[in-house]
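Trainee: Could you take a close look at one part of this model with me? I'd like to follow the charged side chains and see who pairs with whom.

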Amino acid sequence: MQAIKDKLQDMNAMRKAKADAKSEEKVEKEMAKARVEVAHEVRLAREAEAEMELHVAKAAEKAEKEIAKHNSHSPHQQNDAAAATATDYHQP
């Protein structure tokens, strides 16, 4: 009779150990999945940051071209054009 009780206790202990190991494995898998998701989001953020830097650089180039284009005109030419436009509006 004692042997049967011992056998049942051993079986219960083994079942508990397996259940604990399984729940621990589940937790570890969830943590690994979370790490993968975090790594993915970090990669996406880095890509977005690189794209943003590219757009900022392009915008800076366009701004420099516009500034250079407007600076290439002499101030005297700009004043003449403004004066001609002003006189056109005042003529009947």
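Trainee: Before we zoom in, how many helices and strands are there in the chain? And which side chains meet in a salt bridge in helix 1, for instance around Lys16?

Mentor: Happy to, and keep in mind that this is a predicted model. The chain has two helices and zero strands. Helix 1 covers residues 2–72, and that's where we'll spend our time. The structure holds four salt bridges, and we can walk through some of them.

Start with the pair you named. Lys16 and Asp20 join their side chains in a salt bridge, at 3.4 Å from N to O. To count as one, the nitrogen has to be within 4 Å of the carboxyl oxygen, so you can check that distance yourself. Why can these two reach each other? Side chains of opposite charge can pair when their charged atoms come close. Here the helix helps you see it: Lys16 and Asp20 are four residues apart in helix 1, so about one helical turn separates them. Now look at how open they are to the outside. Lys16 is exposed, with a relative accessible area of 53%, whereas Asp20 is partly exposed at 37%.

Slide along to Arg43 and Glu47. Their side chains also meet in a salt bridge, this time at 2.7 Å, N to O. The spacing should ring a bell: Glu47 and Arg43 sit four residues apart in helix 1, which puts about one helical turn between them. Both partners are partly exposed, with Glu47 at 37% relative accessible area and Arg43 at 40%.

Next come Glu66 and Lys69, whose side chains form a salt bridge at 3.3 Å, N to O. Watch the count here: these two residues of helix 1 are three apart, which is again about one turn of the helix. Glu66 is partly exposed, with 39% relative accessible area, and Lys69 is partly exposed too, at 43%.

Now for something without charge. Met1, Ile4, Leu8 and Met11 make a nonpolar surface patch of about 450 Å². One of them, Met11, lies in helix 1 and is partly exposed, with a relative accessible area of 40%.

Finally, step back to the whole chain. Of its 92 residues, 0% count as buried. Buried would need a relative accessible area under 20%, so the values we read for Asp20 and Glu47 don't get there. The accessible surface of the chain adds up to about 8,700 Å², and 60% of that belongs to carbon and sulfur atoms.

Conventions. Residues are numbered from 1 along each chain as its sequence is written. This is a predicted model: local features need pLDDT of at least 70, side-chain atom pairs count only at pLDDT 80 or more; totals for chains, interfaces and linings use all residues. Side-chain values use heavy atoms; hydrogens and water are left out. Buried means under 20% relative accessible area, exposed over 50%, partly exposed in between (1.4 Å probe, protein chains only). Patches are made of residues with over 30% relative accessible area and no salt bridge: like charges are joined within 9 Å, nonpolar side chains (Val, Leu, Ile, Met, Phe, Trp, Tyr) within 5 Å. Accessible areas come from the Shrake-Rupley method with a 1.4 Å probe; for residues, only the protein chains shown count as cover.
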